[in-house]
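Thanks for coming. I will talk about salt bridges today, so please have the structure open while I speak.

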Amino acid sequence: PHIHRTFCTDALRRHKSQSPIQTNMTKQTLGPALATLTLPKKESSDPMLYLLAALASPKQLTTQKKTAIELNLNGTVITQRNAILRALCTVGPLDVYPLCLLGQSSVAGLVEEMAVVMSNVHSWMSIASTIGKGKKEALDANFLNSLNDHLNNFAFLAGTPQPSLADWTVYFSMNNAVSASELNDMLQSSGRAVQRWYDATQCSVHDAAEGVSNQFNETLLPPLVEFQMQNMLPVFHYPTLAISTAGGGSDSATANEGSKDEKGKKKDSKTAPQQSSGGELTDEQKKAAADKRAKKAAEKAAKKKNKAPAAKQEGASGGEYNISAFDIRVGKILKAWEHPEADKLYCEEIDVGEDKPRQIASGLRPFYKLEQMQNQRVLVLCNLKARPLLGFASHGMVLCASNADHTSVEFAVPPDGAAIGERVFFDSFEGGEPEAENKMNKKKILEKVAPDLKTNADGVVVWKNKVSKTSAGPCRAIHGMKDAQVA
């Protein structure tokens, strides 16, 4: 990450020195001032918000200082901090090169493809809210281990190729939760994936601040953590490859003298086919190599043939999964309570027709009162592996419809008369068994299928315009939210 610091900082300076129209390299249109941001009186109370305000185009954002924060965006007033941060990224050059804080998901023409990125950004920002100031206990070894497991498969939290708003928010929250020295000790003993991610994220934040140093006090940023770079190198996994030479290729086990057989005994070098004195392969070696290649090709073809009947989900549509991979069921919340460690989460026990209720955590506290959760009929995505959320094992996902900036969220619900535990199907996808929980994660099926799960113009839940189905009719957003993402 340090290699790119000078380049990125120079890019940001050029970006700020030119007009928004000149610097915008995408289809995003930057017009006159669109928003007014009310900042807290002290910069130190929210450095991240102040940094985003400094990075935004002054031709599109005006600022003022009061006690409570809010964003007035074209007459719409937003007061929730996470929603303000996301909305700011659409005002000015915060989601275009070189920042791309929403993965360029706000750029016209990319919304459909980046729905998963936005969903991930929302989720990680909610998690960041649970580890902020005064919540030191949330930033424990379990959290760092879970973070390391996630980052073993992704460069950055939301699946973007560079740090996004999700990474910045978690980074600032970690620094708010504990002192600089405590965090340094925790990071130095954390996994290498966390260290690599943290270093890349802190560099992106400091680079951005350096680019607007005339408008932002860089001393408010968390201090840089120095890591031992040799301990941060990623581990690469390579398949076993047969190495061939320019002369036609040979198996090293056959060509090398003194190699061991499967019992660990040395082979007699005299029994191995000898190479000609000129360094070329003998006819015997060439024949042996050709026979081996033919044998491997035959085994591969046979394996592929035997595997073909099982490829239900992937075969017909060129390797794509469809909605029948999801095990969506009709459920009922039997009990709900506030998560003791997370301001945004409810904990629920939900009847989905199994022997015992599912325990699921949902980030619905900003949108529903506790009494509204009780006995609510919902749709539950059941075939997800259980994962700990600050000490609470969440096994599944309550599906909800939400608008683009996630300021409005409502339940996706089954029709009256649909039985508890009944599976929800979709037109043209009535058959097919759902995928196993471990495969949903391993094959990233949720990320591939979820972006097309939406509500239509009538508020009905659809997948690629195929209507949801139960024995009692289609499912819908509880208040009829139209053209919304369902996740």
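**Salt bridges in the model**

I start with Glu-354 and Arg-358, whose side chains form a salt bridge with an N to O distance of 2.8 Å. Before going on, note that this is a predicted model. Are these two residues buried or exposed, or partly exposed? Arg-358 is buried, because its relative accessibility is 7% and the cut-off for buried is under 20%. Glu-354, at 38%, counts as partly exposed.

How many salt bridges does a search of the whole structure find? The search finds seven.

Next is the salt bridge between Arg-81 and Asp-46, where the closest N and O atoms are 2.8 Å apart. This pair links distant parts of the chain, with the two positions 35 residues apart in numbering. Arg-81 belongs to helix 4, residues 81-88. Asp-46 sits in the loop between strand 1 (35-40) and helix 3 (47-55). Asp-46 is buried, with 9% relative accessibility, while Arg-81 is partly exposed at 29%.

The last pair is Asp-427 and Lys-469, which meet in a salt bridge at 3.8 Å, N to O. Where do they lie? Asp-427 is in the loop between strand 14 (425-426) and helix 13 (437-442), and Lys-469 is in strand 17 (residues 466-469), so the salt bridge ties together parts 42 residues apart in sequence. Asp-427 is partly exposed, at 28% relative accessibility, and Lys-469 is partly exposed, at 31%. Glu-430 comes in here too: salt bridges with shared partners join Asp-427, Glu-430 and Lys-469 into one network.

Note on methods
Residues are numbered from 1 along each chain as its sequence is written. This is a predicted model: local features need pLDDT of at least 70, side-chain atom pairs count only at pLDDT 80 or more; totals for chains, interfaces and linings use all residues. Side-chain values use heavy atoms; hydrogens and water are left out. A salt bridge is a side-chain nitrogen of Lys or Arg within 4 Å of a carboxyl oxygen of Asp or Glu. Helices (H or I, at least four residues) and strands (E, at least two) are DSSP runs, numbered from the N terminus. Buried means under 20% relative accessible area, exposed over 50%, partly exposed in between (1.4 Å probe, protein chains only).
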